[in-house]
Every structure is written in structure tokens, then in C-alpha cells.
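Colleague: Could you take me through one part of this model up close, the charged side chains and the strands that carry them? I'd like one connected walk-through rather than a list.

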Amino acid sequence: MKRFLEQLFVVLTVVMSMAMTQTVQAQETFCIDFRPETLNIDSCGILTTVYIEPVGYTPEDIDGSTILLNGVVAPLFEPTCFSADVTCESGVNERMVKFNRDEVAAILPLGEEVIITITGMLADGSSFEGTDVVRVIERAVCLGDFDYDN
């Protein structure tokens, strides 16, 4: 029995040592800016835009294929709406990504303070997250839909 306990102690010591030396990648918190600030779900718009400010990283460090809006909607990567690096008013480089407006509207509740969360991975294997608060409404009048008689 004593030999068994000694072997168990060695195994547990090795396992604990391995667990403590494993590298755990931290989650980074980035600033994001969702546009439009008021999302009209009945709007005739096609795209929404999110600007991601990768604090401590460059826009190129963001793995675009891992970006998700509220854990569900992936950005569009077509030639007309490919993600790009832009420089904001403060002079900081940002990653701009476009989302299909209908897909975004389908997952958001109506409200004055609706939380938008953007998540993804960086080239070094760490994850990132950022949030913004937007207003979501459902009133809209599209040209051609207006009732001129009333």
C-alpha cells in the first residue's frame, strides 16, 4: 500500500506541475464601434459596420475568419465588403468589418440599450472580445413604400 501511495504522489505531482506550466492565452478586451448607432430593423439598408480597435495589437493580428457578432453572425468577406484596416479620428488603426444587416437584425431584440458583442481570435492564439451598446427600433419608411394618400 505504501508503494502505491508513493507512486500516486509522483503521478499527482507530475500532473499538477504540467497543469501549472501550461500556457493559458488571455482574452483581450478591444474597443468596438457598431454603426449605425440606431439600427432600424425595418430599414432598407444592406450592411452594418463594426470598427474593431485592437488595443496593443495591429489590425492584421485579427483572424478575420473567427470574428462573430453576438456569437452568431459572421462578417461578409466579399470583394465589395471585405474587411479593411482604417485609421480612426484618434489616429489608431482599426479593423473594419461588414455584416449583413438582415442577419444582424434577426438576432437582436428591440430596445434602447442592446448589447453588441464582437468576439474572435488573434494570430498569437489569444481571443478577444469587445462590446458596444446600440438602439434597435422597427420604424422605417423606405422610398417607394410611402403612402402619399394618408
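Modeller: Let's start with how far apart in sequence the contacts reach. Among contacts in the protein chain with a separation of 6 or more, 65% are between residues 24 or more positions apart. Keep in mind that this is a predicted model. The chain has 150 residues, and 31% of them count as buried. Its exposed surface is about 9,800 Å², with carbon and sulfur atoms supplying 56% of that. In secondary structure you get 2 helices and 9 strands, and from the N terminus the order goes α-β-β-β-β-β-β-β-α-β-β.

Now zoom in on β2, residues 31-35, where the side chains alternate. I32 and F34 point to one face and are buried, while C31, D33 and R35 point to the other face and are not. Two residues on that second face pair up: R35 makes a salt bridge with D33, and the closest N and O atoms sit 2.7 Å apart. How exposed are the two partners, R35 and D33? R35 is partly exposed at a relative accessible area of 38%, and D33 is partly exposed too, at 23% relative accessibility.

The partner strand is β4, residues 47-53, which pairs with β2 in the antiparallel sense over 5 bridges. Across that pairing, R35 stands opposite T49 in β4. T49 is a handy stepping stone, since its side chain has a polar contact of 2.8 Å with the side chain of K98. K98 belongs to strand β7, residues 93-100. Here's a charge to look at twice: K98 is buried yet has no salt bridge, and the nearest side chain of opposite charge, E94, is 11 Å away.

Back in β4 there's a second case, E53. What is the nearest side chain of opposite charge to E53, and how far away is it? That would be R35, 10 Å away, and E53 is buried without any salt bridge. As for what surrounds E53, if you set aside neighbours within four places in sequence, its contacts are F30, C31, V92 and E94. Two of those names have come up already: C31 sits on the face of β2 that also carries D33 and R35, and E94 is the nearest opposite charge to K98.

So where is the rest of the salt bridging? A search of the whole structure finds 2 salt bridges. Besides R35 with D33, there is R135 with E112, whose closest N and O atoms are 3.3 Å apart. That pair links distant parts of the chain, with R135 in strand β9 (residues 127-137) and E112 in strand β8, 23 residues apart. R135 counts as partly exposed at 34% relative accessibility, whereas E112 counts as exposed at 56%.

Strand β8, residues 111-122, also holds T117, and T117 takes us back to where the close-up began. T117 and I32 are 85 residues apart in sequence, but their C-alpha atoms are 8.6 Å apart in space. Leaving out neighbours within four places in sequence, T117 is in contact with L68, L69, N70, E129, G130 and T131.

Methods:
Residues numbered from 1 in each chain as written. Predicted model: local features only at pLDDT ≥ 70, side-chain atom pairs only at ≥ 80, totals over all residues. Heavy atoms only, no water. Buried < 20%, exposed > 50% of the residue type's maximum accessible area, 1.4 Å probe, protein only. Helix = DSSP H or I, 4+ residues; strand = E, 2+ residues; numbered from the N terminus. Pairing = 2+ DSSP bridges. Contact = heavy atoms within 4.5 Å. Areas by Shrake-Rupley, 256 points an atom, 1.4 Å probe, with all protein chains shown as cover. Lys, Arg positive; Asp, Glu negative; His and termini not counted. Salt bridge = Lys/Arg side-chain N within 4 Å of Asp/Glu carboxyl O. Polar contact = N/O pair within 3.5 Å; in protein donor to acceptor, adjacent residues only side chain to side chain.
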